[in-house]
Structures are given as structure tokens and as C-alpha cells.
Amino acid sequence: MYNIREIGKDLYYIGCSDRRLSLFESAYPVPDGMSYNSYLLNDEKTVLFDTVDKSCSEQFFENLDAALNGKSLDYIVVHHMEPDHCALLQDVISIYPEAKIVCTQKTVNMIKQFFDFDIDTRSMVVKEGDILNTGSHELVFYMAPMVHWPEVMVTYDKTGKILFSADAFGSFGAINGNLFDDEVNWERDYLDEVRRYYTNIVGKYGLQVQMLLKKAAGLDIEMICPLHGLIIKNNIGLFVEKYDKWSSYTPEEKGVLIAYTSVYGGTENALNILAGMLADRGVKNIKMYDLSYTHYSKVLAECFKYSNLVLGTTTYNGGIFESMQNFIHVLVSHNLQNRKISLVENGSWAPVCGGQIKSLLEGLKGTEFIEPGFCIKSTLKSNQLDELENVVNTIVKSLEL
Ligand code: FEO
């Protein structure tokens, strides 16, 4: 049975959700599921905005057929050729062979990489500012390269004042009946997964997101239709504010994110004591995660949120303990900037990991190491408490509370 929702004049939500997926992109846990949003504009001309992931093809085709309501499909706008949105492109073309594919030249090339159907005779290549008139709607295309792939563009429906934003303004999480942000407590219940999605999927491309924000600022937007997650109406201002912070690598809050690994508990014990000392000095925002237990995507999102990081780990095989080594790679590959970082190293016979972490992170723009670092040999000793208090005092000072 089809499951479509009318979300505006001539506009239907025809996407679907997957609640069985364990890892989105084979990388990110999605305990609340994942939505794949697709939209159908049924104007004088009909326009399909993207398709969905293969996992929900049956529902999608029932939805598309119902939303077309007997009409044929005139255009398919491909905002982004990643298969979570366009896995079904060839199947759509086989049912609606007359449909034109509206996309960038880069997308044409990518479609050829993924599919074998004849794209050249079907493509309608658009550039920045090009317009498609569908009858009563005027669609304007804007390029958004690297948000999240190089071929990405977004569409602004001038008539409906709607931005079809591709991956931008998306989120992890399935659609559970409520389709709009004004039907839920978005900031309380959704913002954390929005942040985890942004930081992990497009966190590296802050500069390009800033460029998209500048373009969006010139548009009168009443509704944002992303390719994942809720449709945004009420929280556009707050969402843009968060995107501006994340994409400029500006901390949202003063606070301390403590990420650690601990083989036998010595490092964890020292960091629990350090966290308590921070709290005793009035620090309210303290989060602690064991990187060998909590998925890196959650901790990365917290690193984008808070001003200070404390990284604690063990020297292992003369290097950095594996799960911390991986996490350092995640921080570097996602281009985290402008953070104040404190290092706590452990090593039972030759603690060297602190210096190694420092050399990996010092290339990140705006990184400030809060000195001194702290070194444990196996376990924290009572004669080190004064030294630890000194470390805590420098962290508190750097917070400028
Ligand atoms: Fe949701 Fe970049 O694909």
C-alpha cells in the first residue's frame, strides 16, 4: 500500500525509512533507523526529487505511482548521485523512459559510473541559477559542491519558498509519523542526531558548507526538505545557526570532552579524578567516553560541540593504543579545528604516546595544546595529585568561564 504525504502545494513526500539497518554507509550505527527522503512535485509538469535507498524500493515505487496519480514522469532532479538516494534511478528510467534527468555535468559522469543506461540523451544539465518552470512552480538550481560529494546541487522552489537541500540539514533517524520539526521537540529530541550526522558526513567540508549558507541567506526559505530526517519549518534559524558554528569549527559551548582508552583502568581512574576536580571548580559541561566502547561518530559529534578536549590513552607497542589512534585519525580526517586540547598519557615502561598524538593533531588549524600534559606510569599515585590539580587549573583557566 502506498504511503504518501502531502507537504505543500502540489508537493508530496514519497520517501521511506529503514529501521533494520545496523550501519549507515557501513560505518555509522543508526539505532533510531534512517530515512531516505524523496519528493514528488505534481505540477503541470511532474518532477521527482531523487529516489531512495534500495532497501525500500517496493514502498518507493508504490508511492511514486500514487503521487503521480496517473500522470507520466517528466523530470527527475538528481541532487546527489550517492546510492542512498539514487540507487533506483535506472529502475525509475525503465518505468518512465521519457523522463529527463536534471543534474550537473559531474552528476552525468557519475551516473555513468554507477549505471549502464543511456544518460546522454536523457540529461538536462543545469548550472548555477538555471531555472526550470513546471507550470505554477519555478525551480532554481544552486551548486553545492562537496556538501557532501562534488556533484551536489540544491533546488529552490520559488513558488513554495522551499529549499530541497540534498544532504545538508539532514539527520540520522527514521521518520516516525511526524514528518515536520514543528510536530516534535526538535532541539531536545533530534539535535544530537542532527549533529552526529552533520559532523560525520560533511564535517570535513566546512568551507563548502559556509558557501552554501551564504547562498541560502539570499533566499526566502519557509521550508527545508532534506534527503534524510525531518522536514524543517520551525527551526530554520536555529538550524542555520548550528550549521554556521559547525562549519566554521566554532564550539557551541564551553565544556570539556574527555575521550580515553584504558586497558586496566589506570587511565580511566586518573581521568575520573580529573573530571571530579573540574566539577569541583565549577565546570558544568563535562562528558566522558571510553573510545573502546562508544562509537567514534558520537564522540566526534561531541568534539564539535565543546571547546576543550582531554585525550587520555596508553602507549601500546611503542605507539598509540589502537582505538585512540583510530579516533585521532577521525579528528584529523574531519578537519576539527579551534579546540583546546589536553593530553594524558600512560605507559608502564615507556610512555611516548602523548608526543605522538601531539604531532598528529598539531596540523589542525587553531589547535591549542593546554600545557602541561600529564603522564601516568601504570596508575595515578597520591604524590601526583598536586600535579594533576595544576593540570586541571590550566584547563579551567583556558575555559574562561
Ligand atoms: Fe545521503 Fe551523501 O548521501
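1. Five strands, in the order 12-13-14-15-16, make up an open sheet with mixed pairing. At its edges stand strand 12 (131-133) and strand 16 (223-225); each has a single partner strand, so one side of each is left without a neighbour in the sheet. Neighbouring strands here are turned by 20° against each other on average, direction ignored. Note that this is a predicted model.

2. One pair inside this sheet is worth following residue by residue. Strand 13 (residues 138-143) and strand 14 (residues 153-157) run antiparallel and are joined by 5 bridges. Tyrosine 142 has valine 154 in strand 14 as its bridge partner.

3. A second open sheet holds 7 strands in the order 1-2-7-8-9-10-11, again with mixed pairing. Strand 1 (5-8) and strand 11 (123-125) are the edge strands; because each has a single partner strand, one side of each is left without a neighbour in the sheet. On average, and with direction ignored, neighbouring strands of this sheet are turned by 25° against each other.

4. Which helices pack on this sheet? Helix 1 (residues 57-68) does, touching strand 2 (11-13), strand 7 (39-42) and strand 8 (46-49). The direction of helix 1 makes about 15° with that of strand 7. Helix 4 (residues 105-114) also packs on the sheet, where it touches strand 10 and strand 11. The direction of helix 4 makes about 125° with that of strand 10.

5. The two strands touched by helix 4 are also paired with each other. Strand 10 (residues 100-103) runs parallel to strand 11, and 3 bridges join them. In this pair, valine 102 stands opposite methionine 124 of strand 11.

6. Is threonine 104 buried or exposed? Threonine 104 sits in the loop between strand 10 and helix 4. Its relative accessibility is 6%, and the cut-off for buried is under 20%, so threonine 104 counts as buried. Leaving out residues up to four places away in sequence, threonine 104 touches Val125, Val126, Met143, Glu151 and Met153. Of these contacts, Val125 lies in strand 11 (123-125), Met143 in strand 13 (residues 138-143) and Met153 in strand 14 (residues 153-157). Threonine 104 therefore touches residues from both of the sheets described above, as the strand orders 1-2-7-8-9-10-11 and 12-13-14-15-16 and the contact list show.

7. The domain assignment of the protein gives domain 1 (5-247) and domain 2 (253-396). The C-alpha centres of the two domains lie 38 Å apart. In the contact between them, 10 residues of domain 1 meet 11 residues of domain 2. About 980 Å² is buried between domain 1 and domain 2, and carbon and sulfur atoms give 56% of that area.

8. Domain 2 (253-396) can be entered at strand 17. Strand 17 (residues 253-260) pairs with strand 18 (residues 286-290) in the parallel sense over 5 bridges. Tyrosine 260 stands opposite aspartate 290 in strand 18. Together with helix 9 (residues 266-280), strand 17 and strand 18 make a right-handed β-α-β unit.

9. Helix 10 (residues 296-305) is mostly covered, with 8 of its 10 residues buried. The buried residues are Ser297, Val299, Leu300, Ala301, Glu302, Cys303, Phe304 and Lys305.

10. How many residues of strand 21 are buried? Strand 21 (residues 340-346) is mostly covered, and the count is 7 of 7. In a regular strand the side chains alternate between the two faces of the sheet. Strand 21 can be read this way: Lys340, Ser342, Val344 and Asn346 point one way, Ile341, Leu343 and Glu345 point the other way, and all are buried.

11. Strand 21 also has several parallel partners. Strand 19 (residues 306-316) is joined to strand 21 by 7 bridges, and glycine 312 stands opposite valine 344 of strand 21. Strand 22 (residues 368-369) is joined to strand 21 by 2 bridges, with glutamate 368 as the bridge partner of lysine 340. From strand 21 the chain crosses through helix 12 (residues 353-361) to strand 22, in a right-handed β-α-β crossover. Strand 23 (residues 374-376) is joined to strand 21 by 3 bridges, and cysteine 375 is the bridge partner of glutamate 345.

Technical notes: Residues are numbered from 1 along each chain as its sequence is written. This is a predicted model: local features need pLDDT of at least 70, side-chain atom pairs count only at pLDDT 80 or more; totals for chains, interfaces and linings use all residues. Side-chain values use heavy atoms; hydrogens and water are left out. Two strands pair if DSSP finds at least two bridges between them. Helices (H or I, at least four residues) and strands (E, at least two) are DSSP runs, numbered from the N terminus. Axes are lines fitted to C-alpha atoms, for helices over the stretch in contact, and angles run from 0 to 180 degrees between N-to-C directions. Contact means heavy atoms within 4.5 Å. Buried means under 20% relative accessible area, exposed over 50%, partly exposed in between (1.4 Å probe, protein chains only). A crossover is right-handed if, with the strands pointing away from the viewer, the path from the first strand over the helix to the second runs clockwise. Domain bounds come from an automatic or database domain assignment. Buried area is the accessible area (1.4 Å probe) that two parts lose on being put together, summed over both.
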